[in-house]
Every structure is written in structure tokens, then in C-alpha cells.
Amino acid sequence: MIKKWVLLTALIFFTLPLSVSAGDLNLVEEARENGMVLHWDPLGRSGVLEKNGHYISFSVGNGFVLKDFTLLVKEDAPYIEDNSLMVSQSFMSGAENFLNGTVDISSYKIGAILIDPGHGGKDPGALREWTFDGKKVKIQEKDITLTTGLMLRDLLQKAYPDKRILMTRSTDVYLKLEERTEIANSVKLNENEAILYVSIHVNASLDQSVSGYESWYLTPDYRRQVLDRKVSDDEDVQSILNDMMEEEYTLESILISKFVLEGIGEQVGSLSKSRGMKANDWFVVKNSMMPSVLLEIGFLTNETEARLLGDESYLKKVALGVYNGLQAFVSHFERSRGFTGAN
């Protein structure tokens with residue numbers, strides 16, 4: 001089965017100047033006038049039109065659009081002219097007809113969430129020994145990530161008894177990075193189900209004044225193969241489908257990052273600060289074929305934050321924040337139809 005993902009409402013909004021050229025139409029203006037939601041990624045130069053639970057996915061200049069992430073159609077795809085996103089009148093007419101249809105959204109859901117507590121066993125990750133209240137305390141990344149991961153698992157299991165809440169490790173064992181991503185990519189899903197991957201880590205810096213939590217997602221320009229089998233004999237079509245799905249994974253990872261950072265912020269308040277969303281080609285996010293994020297929940301090289309990270313009551317706040325962020329994403333995903341699957 002091929003898992004196909006869709007973009008979600010309010011993912012990234014990008015305002016383009018409104019100008020019309022030579023009989024074609026400005027997509028931003030037309031979408032607004034016709035009650036469509038336009039999701040636009042200026043970095044990937046791709047987007048999605050959404051209305052009534054239907055979706056039209058496009059990339060600038062490739063000559064194809066993907067309808068409801070199952071039907072690839074050769075079309076006059078949108079293009080950029082004078083910094084405006086433009087479409088032909090025939091494209092807009094076809095889009096209106098397609099998006100005004102109805103669709104059953106009840107069967108699309110997140111089937112599994114995989115929690116990956118970083119490091120473990122012989123690999124302690126970042127570590128530092130501090131003296132708190134006259135007592136020496138050894139703070140290890142592997143302990144913090146496992147404690148937080150178990151707390152998060154318990155919260156998710158209670159909230160979602162119908163979903164599989166999985167962990168790459170639930171004890172102090174060592175796993176190679178390859179083993180972690182193999183676990184993620186080997187999870188069996190039912191038709192119309194999706195999986196999310198959340199890797200938990202703790203930061204360190206030579207500058208002891210640095211503190212805060214942050215989230216990482218895969219760099220948008222990193223290219224990878226995400227289709228799990230050949231779906232077309234046409235290599236160009238195969239490549240286009242893969243690129244579209246890859247862009248959707250990235251954008252959904254951005255949304256997860258956003259929700260999780262907001263969730264943590266609501267729980268920890270002024271105790272720590274958000275360092276925002278960042279992109280990098282971390283092994284676990286570039287090799288997990290699904291929306292995935294890597295969280296750095298604090299710096300154990302900062303004395304104040306190390307004290308917090310060694311306190312289970314604080315880690316409960318962090319775990320609850322991550323849970324609230326994931327819950328917001330799951331709710332949005334399932335309410336917005338999520339994705340489709342094809343055998």
C-alpha cells in the first residue's frame with residue numbers, strides 16, 4: 001500500500017502580489033473569491049487548493065496536478081509571473097468543478113504514533129555533572145529522553161486507545177540510528193491510516209548561557225525516495241508523484257513542529273524559551289518515510305535548565321506540551337481528511 005499525505009489547513013500562508021496577465025487569472029484572488037483554501041510553500045514552489053474535503057496538489061511548472069492525492073492529471077499547472085501565482089482559465093474552471101464535489105472523510109486517521117527517545121544503553125548522549133544544593137547530580141540525555149518519552153506514551157495511550165502508540169525503546173537499551181528508522185518504516189498500517197514519528201533529544205553547547213527548546217524537520221531541498229513501490233511506467237510521472245509526496249511530508253512536519261512548540265510553551269511558560277523551528281538533514285528525519293520531527297527539549301549544559309531537566313515534574317510539563325501539540329495535529333489531520341491510500 002502507498003501512503004499518500006495531504007497538506008492541512010493554515011499550514012503555510014504566503015501572500016503574493018495581486019496582478020493579472022494576458023487573460024490568465026491570479027490564483028490567490030480566485031481562490032479567495034471561490035471559497036477555496038490555498039496552501040502555498042514558497043520554498044518548494046508547490047501548493048494545494050482545498051475545498052469541501054477535496055484537494056488539488058500542484059508544483060510550479062511541472063505540467064501535472066494531483067487530485068485528492070490519487071489521480072494524476074496532465075494540466076496547465078500554476079506558474080509564477082511578476083511575483084504572482086497565475087493559472088489559466090481552464091485550470092480554474094476544472095478546479096471549481098472538482099473542488100465543489102463531496103467526499104466522505106470519516107475513514108481517514110492517524111493509525112500510529114512512534115516515539116523515539118534518543119540515545120540509550122552504552123550511548124548516554126549529552127551528559128554533564130552539576131552540583132545542586134551541595135549534591136553532585138549526573139544529568140544524562142538518555143535518561144531524560146526515556147523519562148519524557150514514557151510520559152508522552154502514557155498520555156497518548158490514554159487519549160487514543162484506538163491508535164497504536166509505539167516506542168523505539170522503552171528501557172535503557174542501545175539502538176543504532178538505522179534500527180530506529182527501520183522500526184518506523186516497518187510499521188504496518190491499515191488502508192487510510194498514517195503514522196507520525198517524534199524523536200526526543202536534549203541539547204548541549206560550549207556556551208553555558210544557551211538555553212531553550214526547539215524542533216527540527218527535514219530540510220525542504222533534501223531529496224529522497226518516499227514512494228514504496230513503482231506506481232507508473234512513466235519515469236517522469238513516477239518522479240513527479242514522489243516529489244509531491246515528499247513536499248507534503250515536509251509541510252506536515254512543519255505543522256507538527258509548530259503545534260508541539262506551542263504546546264510546550266503553554267506548559268513551561270517562562271521556565272524556558274522557544275528557539276523556534278529549524279531544518280536539518282538529521283539521520284532519523286531524513287530516513288523516516290513519514291512526517292517526522294526531532295525535538296530538543298533543553299540544554300543540559302545550562303545550569304538552570306539542567307536543574308529543570310533533572311526534575312520529573314518539569315519533564316511532565318514538557319511531555320504534556322508535546323502531547324497537546326500532537327493532539328492538535330491529529331485533530332486537524334483527521335478533521336481535514338488527512339490522506340488517501342491506494343493498493
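**Entry 1. Asp154 and Arg153**

I looked up Asp154 first and found this residue partly exposed, with a relative accessible area of 41%. The model is a predicted one, and I read the values with that in mind. Arg153 is also listed as partly exposed, at 23% relative accessibility. Because the lower limit for partly exposed is 20%, I could not call Arg153 buried. I then checked the charged groups: Asp154 and Arg153 form a salt bridge, and their closest N and O atoms are 3.2 Å apart.

**Entry 2. Lys258 and Glu262**

Next I went to helix H5, which covers residues 235-268. Lys258 and Glu262 both sit in this helix, four residues apart, or about one turn. I found a salt bridge between them, with 3.0 Å between the closest N and O atoms. How exposed is Lys258? I noted a relative accessibility of 33% for Lys258, so this residue counts as partly exposed. Glu262 counts as partly exposed as well, at 38%.

**Entry 3. Glu193 and Lys109**

I turned to Glu193, which forms a salt bridge with Lys109. The closest N and O atoms of this pair are 3.9 Å apart. The cut-off is 4 Å, so the pair still counts as a salt bridge. Where in the chain do Glu193 and Lys109 lie? Glu193 belongs to strand S14 (residues 193-203) and Lys109 to strand S10 (residues 109-117). The two residues are 84 residues apart, and the pair links distant parts of the chain.

I also checked whether each partner is buried or exposed. Glu193 has a relative accessible area of 7% and is buried. The limit for buried is under 20%, and therefore Lys109, at 25%, counts as partly exposed instead.

I followed the contacts of this pair further and wrote down a network of salt bridges that links Lys109, Arg164 and Glu193.

**Entry 4. Whole protein**

How many salt bridges does the protein have? I recorded nine. For secondary structure I noted eight helices and 18 strands.

I then looked up burial for the whole protein: of its 343 residues, 54% are buried. The accessible surface comes to about 14800 Å², and carbon and sulfur atoms hold 48% of that area.

Last, I looked at contacts with a separation of 6 or more. Residues 24 or more positions apart account for 74% of these contacts. I kept the Glu193 and Lys109 entry beside this figure, as that salt bridge joins residues 84 apart.

How values were computed:
Residues are numbered from 1 along each chain as its sequence is written. This is a predicted model: local features need pLDDT of at least 70, side-chain atom pairs count only at pLDDT 80 or more; totals for chains, interfaces and linings use all residues. Side-chain values use heavy atoms; hydrogens and water are left out. A salt bridge is a side-chain nitrogen of Lys or Arg within 4 Å of a carboxyl oxygen of Asp or Glu. Buried means under 20% relative accessible area, exposed over 50%, partly exposed in between (1.4 Å probe, protein chains only). Contact means heavy atoms within 4.5 Å. Accessible areas come from the Shrake-Rupley method with a 1.4 Å probe; for residues, only the protein chains shown count as cover.
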